[in-house]
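These are my notebook entries on a single protein chain. I looked up a handful of residues and recorded what surrounds each of them.

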Amino acid sequence: QVQLVESGGGLVQPGGSLRLSCAASGSIFSINTMDWYRQAPGKQRELVATITSGGTTNYADSVKGRFTISRDNAKNTVYLQMNSLKPEDTAVYYCNADVDSYAGIRRYWGQGTQVTVSS
């Protein structure tokens, strides 16, 4: 069974930085696209950043220039470096991955990690 586990969330002041990690484990053959989503209270979940297995990245306009997504394929881990954080970045952040395993090709979600930007 495949599991995604996020870490790295917390409370940070505006202008600060955090680095989120998401590690996939289980009987994994390969991982294709890996994404970070976020959901703020009362809002829909939104796509923040995407990275393909080849390293191509895409970002939501709201985080371009401030967030950087990266991955370590050997560790089945995706990262989100978040700089110049703003109060509007406050949300639960979820990782999502397109995983090929014994269960076939499926998308999996992590449990989420809270990021709070406040003074």
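Strands, as I name them here, are DSSP runs of at least two E residues, numbered from the N terminus. A loop label such as the one between S7 and S8, where I found asparagine 76, rests on that numbering. I also note at the start that this is a predicted model.

**Entry 1. Two unusual backbone angles**

I began with asparagine 76, which has a positive phi of about 50° although it is not a glycine. Most residues other than glycine have a negative phi. I then looked up its exposure: asparagine 76 has a relative accessible area of 22%, so it is partly exposed, given that buried means under 20%.

Serine 84 also has a positive phi, about 50°, and is not a glycine. I located serine 84 in the loop between S8 and S9. Its relative accessibility is 40%, and it therefore counts as partly exposed.

**Entry 2. Two loop residues**

Is aspartate 89 buried or exposed? I found a relative accessible area of 0%, so aspartate 89 is buried. It lies in the loop between S8 and S9. Its side chain makes a polar contact of 2.9 Å with the side chain of arginine 38. Leaving aside residues up to four places away in sequence, aspartate 89 touches Arg38, Arg66, Phe67, Ser84, Val115 and Val117.

I next turned to glutamine 44, in the loop between S4 and S5. With a relative accessible area of 72%, glutamine 44 is exposed, because the cut-off for exposed is over 50%. Beyond residues up to four places away in sequence, glutamine 44 touches Arg38 and Gln39.

**Entry 3. The disulfide**

How many disulfides does the structure hold? I recorded 1. It joins cysteine 22 to cysteine 95, with an S to S distance of 1.9 Å. Cysteine 22 lies in strand S3 and cysteine 95 in strand S9, so the pair ties together parts that are 73 residues apart in sequence. A disulfide is a covalent bond between the sulfur atoms of two cysteines. The link of cysteine 22 and cysteine 95 is right-handed, with 45° about the S-S bond. I noted that cysteine 22 is buried at 1% relative accessibility, and that cysteine 95 is buried at 1% as well.

**Entry 4. A buried charge**

I looked up glutamate 6 in strand S1, residues 3-7. Glutamate 6 is buried yet has no salt bridge. Why does arginine 45, the nearest side chain of opposite charge, not form a salt bridge with glutamate 6? Arginine 45 is 7.7 Å away, whereas a salt bridge needs the charged atoms within 4 Å. I did find backbone partners: a polar atom of the glutamate 6 side chain lies 2.7 Å from the backbone nitrogen of cysteine 95. The backbone nitrogen of glycine 112 lies 2.6 Å from a polar atom of that side chain. Among the residues that glutamate 6 touches are Cys22, Trp36, Tyr93 and Cys95.

**Entry 5. The nonpolar core**

Last, I examined the largest nonpolar core, which has 31 residues. Those with the most contacts inside it include Trp36, Phe67, Leu80 and Tyr93. Strands S3, S4, S5, S7, S8, S9 and S11 each give two or more residues to this core. The largest share, 5 residues, comes from S9. I checked leucine 80 in particular and found that it touches, among others, Leu18, Trp36, Val48, Phe67 and Tyr93.

Technical notes. Residues are numbered from 1 along each chain as its sequence is written. This is a predicted model: local features need pLDDT of at least 70, side-chain atom pairs count only at pLDDT 80 or more; totals for chains, interfaces and linings use all residues. Side-chain values use heavy atoms; hydrogens and water are left out. Helices (H or I, at least four residues) and strands (E, at least two) are DSSP runs, numbered from the N terminus. Buried means under 20% relative accessible area, exposed over 50%, partly exposed in between (1.4 Å probe, protein chains only). Lys and Arg count as positive and Asp and Glu as negative; His and the chain ends are not counted. A polar contact is a pair of N or O atoms within 3.5 Å; within protein, one must be able to donate a hydrogen and the other to accept it, and residues adjacent in sequence count only if both atoms are side-chain atoms. Contact means heavy atoms within 4.5 Å. A nonpolar core is a set of buried Ala, Val, Leu, Ile, Met, Phe, Trp, Tyr and Cys residues joined through side-chain atoms within 4.5 Å. A disulfide is a pair of cysteine sulfur atoms within 2.5 Å.
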